[in-house]
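Colleague: Please pick one part of this model and take me through it closely. I'd like to know how it sits in the rest of the fold, so don't hold back on the surroundings.

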Amino acid sequence: MNRFKSIIAGVAALASCATAFAAEPAGQPATVYHIKQITPENLVKIYRALGHPLDGKNIAVKISTGESNKSNHLDPNLIKDLVQSVNGTLVECNTAYNGNRISTADHLRTAKEHGYMDIAVVDIMDAEGDTIIPVKNGFHLPYDIVGKNFLNYDGMIVLSHFKGHQMGGFGGALKNISIGIGSSDGKTWIHTAGKTRDTKEIWSNIAEQDMFLESMADACQAVTSKMGPENMVYINVANRLSVDCDCNGNPEEPKMGDLGIYASLDPVALDRACVDAVINSDDHGKVHLIERINSRHGTHILDSAEKLGIGSQQYVVVELD
């Protein structure tokens, strides 16, 4: 079903939406901003359009550093102006699988090779261990396990590369704050739906698919509750739309063209809008990404996150020039 309620343009619409947090009254669709051209200037522009600056805060900018030079992680030159405009720290956590980011030393080396250390300080949040934060009335997880340094920040820009994902169907804002903020143990905890946090046991205890997606939603609920939804904003860059995630060191080449930059104060609405943009695209190459999303029940995380009160799948789009 096409969930686009309307497409709004113009300064008047921007002014009416750029208010304090809780901009959308209960029961009202969330606002998702969209700008087609993917440039450093437009990334700053769409952040400002949200009308919710995280001024005066110790701001984390959550990215994916990418597994290899072949991965489709966000270009440091694209995000530099935004990150530096908020004096942000780029944050990540180590992986739970063998690769270029399995240890802090390897991860920092990868971040340096990919150019991120040239634009900002990089904090591997589980470098000194992890911590537990509660999940409230979740599906499977009684708590989430996140990088210890997550607690050092009082504001976060969740800056995600929207694309496919080999396990989740797609990766966007929700994946970035669940798997992405999970420590190595936390990633294992989510992938096994709370069965184990031992990274050595992850692949023999992988959860049934819907349980995995529900556990991701549990982790999102924990992160947003702990940080405070008023202290988080979300931006998805829908470019290099491979069916594979940036955690894949040798991803399949994209079969469809870029869709632009999307931003919202609601991560569920934001990811829903990006999925809908793929579905409604005139690009025939979209069939590959749609198959990846559908074959992994990808939109189940949206349903699950909505049930947990993280956000809404109902939205309106504000088009920016």
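Modeller: Before I point at anything: when I say helix or strand, I mean a DSSP run, H or I over at least four residues for a helix and E over at least two for a strand, numbered from the N terminus. On that basis, Val275 belongs to helix 8, which covers residues 267-279. Keep in mind that this is a predicted model.

Let's stay with Val275 for a moment. Its relative accessible area is 1%, and buried here means under 20%, so Val275 counts as buried. What does Val275 touch, once its neighbours within four places in sequence are set aside? The contacts are Phe162, Phe170 and Thr299. Phe162 is a nice one to look at: 113 residues separate it from Val275 in sequence, yet their C-alpha atoms are 9.1 Å apart. That fits the wider pattern, too. Among contacts in the protein with a separation of 6 or more, 75% are between residues 24 or more positions apart.

Now have a look at strand 8, residues 155-161. Seven of its seven residues are buried, so the rest of the structure largely encloses this strand. As a rule, side chains in a regular strand alternate between the two faces of the sheet. Here Gly155, Ile157, Leu159 and His161 point one way, Met156, Val158 and Ser160 point the other way, and all of them are buried. Which strands pair with it? Strand 3 (residues 59-62) does, in the parallel sense, over four bridges, and strand 11 (residues 232-238) does as well, again parallel, through six bridges. To find these pairings on screen, look for Ala60, whose bridge partner in strand 8 is Met156, and for Val158, whose bridge partner in strand 11 is Tyr234.

Two further elements make a good follow-up. Strand 7 (residues 143-147) has four of its five residues buried, so it too is largely enclosed by the rest of the structure. It runs antiparallel to strand 6 (residues 130-134), with five bridges joining the two, and Ile132 stands opposite Ile145 of strand 7. Strand 7 is also among the elements covering the buried residues of helix 6, as is helix 7 (209-227).

Helix 6 itself is a short stop on the tour, residues 184-191. Seven of those eight residues are buried, so the rest of the structure largely encloses helix 6. The buried ones are Ser184, Gly186, Lys187, Thr188, Trp189, Ile190 and His191. Just after this helix, Ala193 takes a positive phi of about 55°.

Zooming out, the protein has ten helices and 13 strands, and 59% of its 321 residues count as buried. A compact globule with 321 residues would have a radius of gyration near 20 Å, and the 18 Å found here agrees with that. Along the principal axes, the C-alpha trace spans about 55 × 40 × 40 Å. As for the outside, about 12700 Å² is exposed, with carbon and sulfur atoms supplying 49% of it. There are 28 positive and 39 negative side chains, and the centres of those two sets lie 1 Å apart.

Technical notes: Residues are numbered from 1 along each chain as its sequence is written. This is a predicted model: local features need pLDDT of at least 70, side-chain atom pairs count only at pLDDT 80 or more; totals for chains, interfaces and linings use all residues. Side-chain values use heavy atoms; hydrogens and water are left out. The radius of gyration is taken over C-alpha atoms; the globule rule is 2.2 Å times the number of residues to the power 0.38. Buried means under 20% relative accessible area, exposed over 50%, partly exposed in between (1.4 Å probe, protein chains only). Contact means heavy atoms within 4.5 Å. Accessible areas come from the Shrake-Rupley method with a 1.4 Å probe; for residues, only the protein chains shown count as cover. Lys and Arg count as positive and Asp and Glu as negative; His and the chain ends are not counted. The place of a charge is taken as NZ of Lys, CZ of Arg, CG of Asp or CD of Glu. Two strands pair if DSSP finds at least two bridges between them.
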